[in-house]
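Please open the model in a viewer and keep the selection panel at hand. The stops below follow one another, each beginning with something to select.

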Amino acid sequence: MGSGSSITAPVVPCAKMSLEEEISSVLPVYYVDEELTNDCMNDVRSSWSLVLTDTAPKYLEWESVESSRKSCAALFSDVFYRRLIEMFPSYENSFSNGLFQQGKSLVKMISLTISQLHHTNHFAVIMQKLAENHCKLGVKAYEFGVMGEILFHSLRRILGDDTFSKKMETSWVVLYSSMLKHIVPICVVHERSLRLCARDTQPSSEEERRNENVRDLIPDAICATANPVVLNRLHREGLSMKGNYNEGFKS
Ligand code: HEM
């Protein structure tokens, strides 16, 4: 973790990996499966409010030199998207409304997420929508893991080492991990459904067909983001949709 960290290599999933194994394989190294305590929530809220109220220490230093009218949230977004594009150059032209508007959406989304930390159900629905929207855009589960590193890096740059202390960083790691707990399973299920579709459209030998274990590839908790072709296939195979992927995965 931290500013010197490099991108996590995506794991090439093996056909026999269970859903849980595949989810674990894409979770980033900083991931922790911990409850968000009130103390964590207070840390996250108080530090984020420094960004929203233009009082983050590094912003104040920068502002006094540059005397720019840029808000702290805008500076945070600049740092964030510069880092995102460094790590994922292919996304450079993907933000249709420009990076300024995208930055505003990101700041709003972080604020919304933080405002819902006490409301577990709302929080889960927001994460589900975020994951589904990003799956449609082709964003991969492991990229969400890297996004966490980008977030911590940007917060450190704006808040400075004293405010973004080890304890503060841990609180953000716990927060972002609880976001990943919802997002990653949805993305992984979506990616598996796409792989299954790709297999369906490729000719395979009789033996491969026989060895194919549909139940290995389609988790019980198949989600709404699944491709209709997969759902048709499920129907043909007589498999039903069970479970609720909103529960997140059990580690
Ligand atoms: C928890 C992490 C993330 C947050 C909070 C977030 C936030 C957002 C928001 C608020 C939007 C606007 C549309 C919407 O509401 O869905 C958006 C769109 C987008 N995001 Fe993310 N995002 C995250 C992760 C990622 C990742 C990992 C990538 C790729 C590496 C990514 C790439 C994009 C792209 C390409 C768009 C579409 C922009 C457009 O159509 O103009 N996002 N994101």
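Begin by selecting Cys 72 in this predicted model. Leaving aside residues up to four places away in sequence, Cys 72 touches Val 51, Asp 54, Ala 56, Tyr 59 and Ile 158. Several of these partners return at later stops.

Select Asp 54 next, in the loop between helix 2 (38-52) and helix 3. Although Asp 54 is not a glycine, its phi is positive, at about 55 degrees. Is Asp 54 buried or exposed? Asp 54 counts as partly exposed, because it has 15 C-beta neighbours inside 10 Å, whereas 20 or more would make a residue buried and 12 or fewer exposed.

Now display helix 3 (residues 57-66) together with helix 7 (residues 141-163). Their axes come within 5 Å and cross at roughly 115 degrees. On the helix 3 side, the contact is made by Pro 57, Lys 58 and Tyr 59; helix 7 contributes Arg 157, Ile 158, Leu 159, Gly 160, Asp 162 and Thr 163. By type, the residues of this contact divide into four nonpolar, two polar and three charged.

Remain on helix 7 and centre the view on Arg 157, where the helix bends by about 75 degrees. Helix 7 is mostly covered, with 19 of its 23 residues buried.

For the interior, select Cys 72, Ile 158, Trp 172, Ile 183, Val 184, Cys 187 and Val 188, the residues with the most contacts inside the largest nonpolar core. That core has 52 residues. Two or more residues come from each of helix 1 (19-26), helix 2, helix 4 (72-87), helix 5, helix 6, helix 7 and helix 8 (166-201). Which helix gives the most to this core? Helix 8 does, with 14 residues.

Turn then to the ligand and select the 19 residues around it. Ser 94, Ser 96, Ser 105, Met 109 and Asn 133 come nearest. Helix 5 (98-115), helix 6 (120-137) and helix 7 are the elements that give two or more residues to this shell. The shell divides into eleven nonpolar, seven polar and one charged.

Finally, select the whole protein chain and colour it by secondary structure. The chain has eleven helices and zero strands. Of its 251 residues, 36% count as buried. Among contacts with a separation of 6 or more, 79% are accounted for by residues 24 or more positions apart.

Note on methods:
Residues numbered from 1 in each chain as written. Predicted model: local features only at pLDDT ≥ 70, side-chain atom pairs only at ≥ 80, totals over all residues. Axes fitted to C-alpha atoms, helices over the stretch in contact; angles between N-to-C directions. Helix = DSSP H or I, 4+ residues; strand = E, 2+ residues; numbered from the N terminus. Contact = placed C-beta atoms within 7 Å. Nonpolar A, V, L, I, M, F, W, Y, C, P; charged D, E, K, R; others polar. Near = placed C-beta within 6 Å. Bend = angle between axes of the 7 residues up to and from the residue. Core = buried A, V, L, I, M, F, W, Y, C linked by C-beta atoms within 7 Å.
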